[in-house]
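Student: I should like a close look at a single part of this model, namely the sheet with the highest number of strands and whatever packs against it. Please give the criteria behind each term.

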Amino acid sequence: MTQDGGKGNKGQDKKAQQYGVTPQSVDFNDWYNEVVKKADLADNSPVAGAMVVRPYGSALWENIVRWLDDRFKASGHESLIFPTLIPMSFIMREADHVEGFAPELFTVSKIGTEELAEPYVMRPTSETIIGHMWSGWLNSYRDLPFLHYQWGSVFRAELRTKAFLRTSEFYWHEGHTAHADEAEARAEVRMILDLYHEFCRDVLALPVVRGEKSASERFAGAAATYSIEGMMRDGKALQSGTSHYLGQAFSKAFDVKFQTREQKEDYAHTTSWAISSRIIGALIMTHGDDAGLMMPPNIAPIQVVIVPVGRKDNFDEMVAEGERLAAQLTQNGIRVKVDKRDGVTNGFKYNDWELKGIPVRIELGPRDLEAGVVVVKNRNSDEKETLERDLAVGGMAERLEGIQAWLLKRATDFMLDNTVTVDNYDDFKAAIEDGKWVRAFHCGDPESEKAIKDETKATVRNVPLDDAEFFAEREEGGVCFHTGKPAAYGKRILFGRQY
């Protein structure tokens, strides 16, 4: 793997040290934790396992919410709001569901000093309570489809927490839909998966692999689970979004049935789907470097920062000029911030904005003002450019598009360069140990998957879809690299260690 991918040279160079974060090549985990805190994305909280999302991180999440929410509404989905507390008996009704979530549940057994006759669980996901309500709302096929979603927090106990990636409370949307037949429900699942793929590729500049989870990796209670998988710069996989076909299991558990066109009674086919705040962790670990974050312009809360450069006697004048420049950029639809901090060195400001990953920095000093120019630096380059002011303003949108495309190509090249194809277990183990993703034939036996996971910590990430952007090709025949049995799926599937 490359140096900034998390392996290689262990020496800390002076340039990386001055930014105040451990280089990725020295300790990727330390780099991540330091970037989250020092870039003002999130901080630890007094609640065990939970984080406090700071304004910069909150602004990023708001941009994510806004883009997705607009697309959900455009495709006919309606938002609703359900309680955080769910009766324990609801969770117990679907056998696979309770088995999957039991170790993670937060329970509430007392209100004030009074013991509850039935405890509540703090929402780990809402299939059960939504199914309960649907049973009272649904009568006829004419009522369907139900296309619902909500934004909120969910609670799942975590032994080892990591900001954005694994916290006891995290933030997401959860989509829940009900349909008259399986074909329509499965079409919904695929539509959402493709929407997630579009969002990751075009907005976050994240290359992700669309595919179906193996049976042992499905969501608890699902008939089929589909995921998008991204490669972080240490080679690990991050499940960045999921879309589930639940069949009729939850409908039968909660009596979600309706009268069909043929005047018969049937149970609804349901789906659920989600992207959570862990997508921010994916963004950090896909696009960062030894200086900190690199924020894709399409999602960045601040696309351009203007740093006025002046002495005490003319600093206010330069700030005012920076505001005028910001107004010009804002008129062109650019998200801009002027750094008005006084008493802080320019070098500190530059490093601070590099750490936060602002796509473009503009420096504006008295001599620049006299000459009608500005100094422009892209976050993904060490070079500075001196440009005529109007040229810098007029070309900013194109500049941001170029940075967005560069980030996507960089991440895509990294993923492809660090994915290997193997045909035997020894090569598999060597590749996994080297931090690679592996494409290989597998027999589909859950016991084999478990044995592989126990020995190598690698799991099936997914079975790439036939029309997936990466690794979609089918191959005739094939023998399982682990058991020697005939391969399942008709193609190589994707393995890797995960977050």
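Tutor: What follows describes the sheet, the helices packed on it, the enclosed space beside it and some nearby loops.

The model is predicted, so local features are reported only at pLDDT of at least 70 and side-chain atom pairs only at pLDDT 80 or more, whereas totals for chains, interfaces and linings use all residues. Residues are numbered from 1 along each chain as its sequence is written, and side-chain values use heavy atoms, with hydrogens and water left out.

Helices (H or I, at least four residues) and strands (E, at least two) are DSSP runs numbered from the N terminus. Strands of a sheet pair through backbone hydrogen bonds, either parallel or antiparallel; here two strands count as paired if DSSP finds at least two bridges between them. By that criterion, 11 strands form an open sheet with mixed pairing, in the order S3-S7-S8-S14-S11-S10-S9-S22-S23-S21-S20. Its edges are strand S3 (78-79) and strand S20 (419-421), each of which has a single partner strand, so one side of each lacks a neighbour in the sheet. Within the sheet, strand S8 (residues 169-179) pairs with S14 in the antiparallel sense over eight bridges. His179 is placed opposite His269 in S14.

Helix H6 packs on this sheet, touching strand S7 (146-155), S8, strand S11 (237-247) and S14. Contact here means heavy atoms within 4.5 Å. The direction of H6 makes about 35° with that of S8. Such angles run from 0 to 180 degrees between N-to-C directions, and axes are lines fitted to C-alpha atoms, for helices over the stretch in contact. Helix H9 also packs on the sheet, touching strand S10 (224-231), S11 and S14, and its direction makes about 145° with that of S11.

H9 (residues 278-287) has a further partner in helix H3 (residues 55-74): their axes come within 11 Å and cross at roughly 110°. The two helices are therefore roughly perpendicular to each other, a class that covers 65 to 115 degrees, with angles under 35 counted as roughly parallel, over 145 as roughly antiparallel and the rest as oblique. H3 contributes Gly57, Leu60, Trp61 and Ile64 to the contact, and H9 contributes Ile279, Ile280 and Leu283. These residues divide into six nonpolar, one polar and no charged; Ala, Val, Leu, Ile, Met, Phe, Trp, Tyr, Cys and Pro count as nonpolar, Asp, Glu, Lys and Arg as charged, and the others, Gly among them, as polar.

The enclosed space comes next. On a 1 Å grid over the protein atoms alone, a cavity is a set of points where a 1.4 Å probe fits but cannot get out, and lining residues have an atom within 4 Å of a point. Grid points are joined across faces, edges and corners, and a volume is the space filled by probe spheres set on the points. The whole structure holds four cavities of 30 Å³ or more, and the largest contains about 70 Å³ of space. Helix H6 (127-137), helix H8 (249-254) and strand S14 (269-276) each supply at least two residues of its lining, the largest share, four residues, coming from H6. Among the lining residues are Glu127, Trp134, His176, Phe250 and Thr270. The lining as a whole comprises five nonpolar, five polar and one charged residue.

Two loops complete the picture. Pro145 lies in the loop between H6 and S7, and the peptide bond from Leu144 to Pro145 is cis, with omega near 0°. Ala205, in the loop between helix H7 (182-203) and strand S9 (208-212), has a positive phi of about 60° although it is not a glycine.

Technical notes: On a 1 Å grid over the protein atoms alone, a cavity is a set of points where a 1.4 Å probe fits but cannot get out, and a pocket is an open set with protein on both sides within 12 Å along at least five of seven lines; lining residues have an atom within 4 Å of a point.
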